[in-house]
Amino acid sequence: MARKFRKRPSGPTIPAPAKIPVSLTVNGAAREIVVAPWVTLLDALREHLGLTGTKKGCDHGQCGACTVLLDGRRINSCMTFAVMQDGAKVTTVEGLARDGTLHPVQQAFIDHDAFQCGACTSGQICSAIGLIAEGRAKTVEEIRELMSGNICRCGAYPNIVAAIRQAMERERS
Amino acid sequence: MAYIGTPTSRVDGTAKVTGTAKYAGDAAAPGLAYGAVVTSTIPKGRIAKIDAGAALRVAGVLDVLSHENRPRMARRTAAYKDDVAPEQGSPFRPLYDDKILFSGQPIALVLAEEWEIARFAATLVRVEYDVAPFVTDLHVERERAFAVEQPHKPRGDADNAHAAAAVRHEAEYFIPIEHHNPIELYASTVLWQGDGKLTVYDKTQGVQNVGNYLCAVFNLKPVELRVLSPFMGGGFGSGLRPQYQVTLAVLAARALERPVRLVLTRQQMYALCYRPATIERLVLGAERGGTLDSVGHEAIAVTSQYEDFARNDTGWSGQLYKSRHAKYVHRLARVDLPTPSDMRAPGATTGVYGLECAMDELAVALKLDPVELRLRCYSDRDQHEDIPYTSKKLRECYRQGAAVFGWDRRNREPRSMRDGSELVGWGMASGVWEALQMDTAVRIVLGANGHAEISCAFSDIGTGTYTIVAQVAADLLGLPLEAVTVQLGDSTLPQAPVEGGSWTAASVSHAIAKTADEIRKELWRLAKAMPNSPLAASRLDDIALADGRIIDKKDGGRGVPMADAMRHGRRDRLACESTNTVKEDTSHARNTHSAIFAEVKVDEELGVIRVTRVVSAVAAGRILNTKTARSQIMGGVVGGIGMALHEETLVDHTLGRMMNANIAEYHVPVNADVHDIEVIFVDEPDDLVNPLGIKGVGEIGIVGVAAAVANAVYHATGKRVRDLPITVDKLLR
């Protein structure tokens, strides 16, 4: 496509890195993408697989908004490249509900109003599911500490903790 | 009322917990091009040269736009003046010319087939500058600060009264630059439709404000542009004005004639806007018995070189408490930073922080309990205008808040309460904000199937607007909540101002009420016209809508189903749109109030502070949704904890640059920083503020919180830190 506003100068083309095929199982479905090595898992999900439920809040592993479950463990998807995860199983917020029934953590987030704007919510929910699977958090203090990688700027923390406790109790019973 | 006042769960909750809610950076489009912004590394001067040669040679780069080669934009600065722009000054025009006004200013836009390519190529753009001398330090520039006009008039003779006062307190309090840091990055996705028309998904608190701005800047007709913001991942005031990414994204779509996505980085967002660094100087004079006699409040805040941003910091001090003498001044100091902006209860958050810490210090000087001092200065009238309030249940906030907190068990002596190795401190403060309402229009389309669609251009920035709109409409139309759908955040919908100032709930609710009343009239006419209508002799005043029926209130059993009335009248839908205009009424003051009680525990050796308990008692008229309103107040409390203990943007004054422009080094409260928060809504019936008695709760939650925490820290440690945030180094100094 011709440039309208600035002419390409003479000189050699600076190539973009060659693209590599990557196989992922995303929310239970086999997905094949061909991406450059500099594409993060987060951008692969959002821009290449159309799964925009996973959010970008900092791109530096500081806010946790991009948390997904990678082979069952919670991970900041902005901190890993898609090509590093060839063959991995990824679960995003879009893959949690089953046959129209919300995952218990999703339902608990609604019940306890554990969000306002929703920008951190996918990450909080995936992180909470990871936390519960880890089985390390037994007390409210431990939930708070182990959920501190997920920033909620609307300040819904007490509701997030209440939602996680509800989901934990349901799991136990 | 089946829904108003209940803890209804968010109607958009499922969309948010399943990831289907679409935000500005989520919109998909075939052939999407991506932008990456190059920003200035100097705070002031001119761009001498931009060398985009290497960037343009990167495979996949489509173009590099700068002031040298961009498509046409308006020249007049008036075209860039949006609804929320300060009256004085000329707004920043992104990519307009070679002038550098602040560090982090966008100076070039790299466009590429993929985002990573754009970002890489942006690092190859070489820029040379002519640097000019600059200033960024408020503490240096305060000497040159100039006074701005404020509506509040002085009363009495504050200077003489202060000089003669039996007990005086005089101190300066400082609030550093703070950033909103919504979790969603600023983003715009512009869909190019081929016919020159643009659909713009933008992160904004005001779609019509952005629409008008873009039409003026790009000389577009309103029909050529549609701005959408159905969901917004947090604003806190940062999205009231159009931000530069939307200007650049539209510029790029017009240049490339294809759809464009532009997402700013977290670091770049620090150059959008911020809460201005402010010095609050309080001068209080009291009689020995413990009544306030004079209040002096001076605020000195930063603004940019090109716009005068000022809010009401000082007026609260003269309004809130009874005092015969009062004077105020608000000054601005120009610095080479972007223009500050509204951020969570702008003016009140900073001004009331100063006032409420000063009141605490005065209580100490008077050897009075801080609640007792406030009760002695309590005023049932607005002290500025000497007019009554539509309602003011602040006394009840003190009473209920103190009772729930257990305030009567407080030992007034600092350093007197302990929990193991930690010092325990209890502090309190008052909060105040305005109950505002704006002209707003709503459209209601009622189908014969009993389904209603409510639409309005307001955005829901996370506050719960979708939900309260559905609740109010369901109640006023007599329909179940499930039969109501809500459309918001679209510039083509009926008129609404930006979402801010806590005015959304009152504004949209009364617009719904007015439009629902039109629907009621229309249904009544149809019902009366039915053969053998049981409502044939009814009067409109007696007609209500309930349970899907048009009924006579005097005889609830008498009525007809709405569906029957519409069918008989051969109407498959009723559509009404009307605007609720707000008449100015200066006979009463309109305010929300709060009392905040905070407990801190301070490690005596390390100085680490934890806010272990907060009780916030709020009087804000009728609460439409006790669940979402509680979340708003809780969020304000968390913001106040951040303000008190964590948040500060650090500027390197030798480089004129913000140093901690990321969420790891700009500290915001995380989950482990937040413990028990209890929210109390004090019953405050009010049929004067507006017919539905709604005051709004967005801002009141944060006002006073930082003061309550700071006062608790003093009570725990005996050390008064007036410069926010209260960090370990200041406490141990």
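Here's a quick look at one sheet in chain B, the helices lying across it, and a single residue elsewhere in the chain. Keep in mind that this is a predicted model.

**The sheet**

Let's start with the strands. Chain B has an open sheet built from four strands, in the order 22-21-20-26, with mixed pairing. Strand 22 (484–487) and strand 26 (573–580) of chain B each have a single partner strand, so they sit at the edges with one side left without a neighbour in the sheet. On average, neighbouring strands here are turned by 15° against each other, if you ignore direction.

Now zoom in on one pair. Strand 20 (residues 440–447) of chain B runs antiparallel to strand 26 of chain B, and eight bridges link the two. In one of these pairings, B:Thr440 has B:Asn580 of strand 26 as its bridge partner.

**Helices across the sheet**

Two helices of chain B lie across strands of this sheet:

| Helix (chain B) | Strands it lies across (chain B) | Angle |
|---|---|---|
| Helix 13 (residues 465–477) | 20, 21 (452–455) and 22 | about 135° to strand 22 |
| Helix 14 (residues 504–528) | 20, 21 and 26 | about 140° to strand 26 |

**A look at B:Glu113**

Over to a loop: B:Glu113 sits between strand 5 (106–112) and helix 3 (115–122) of chain B. B:Glu113 has 17 C-beta neighbours inside 10 Å, so it counts as partly exposed; the cut-offs are 20 or more for buried and 12 or fewer for exposed. Setting aside neighbours within four places in sequence, B:Glu113 is in contact with B:Ala33, B:Gly60 and B:Leu62. As for B:Asp673, it is 560 residues away from B:Glu113 along the chain, and their C-alpha atoms are separated by 42 Å.

Notes:
Residues are numbered from 1 along each chain as its sequence is written. Chains are lettered from A and ligands numbered from 1 in the order in which they are written. This is a predicted model: local features need pLDDT of at least 70, side-chain atom pairs count only at pLDDT 80 or more; totals for chains, interfaces and linings use all residues. Two strands pair if DSSP finds at least two bridges between them. Axes are lines fitted to C-alpha atoms, for helices over the stretch in contact, and angles run from 0 to 180 degrees between N-to-C directions. Two residues are in contact if their C-beta atoms, placed from the backbone, lie within 7 Å.
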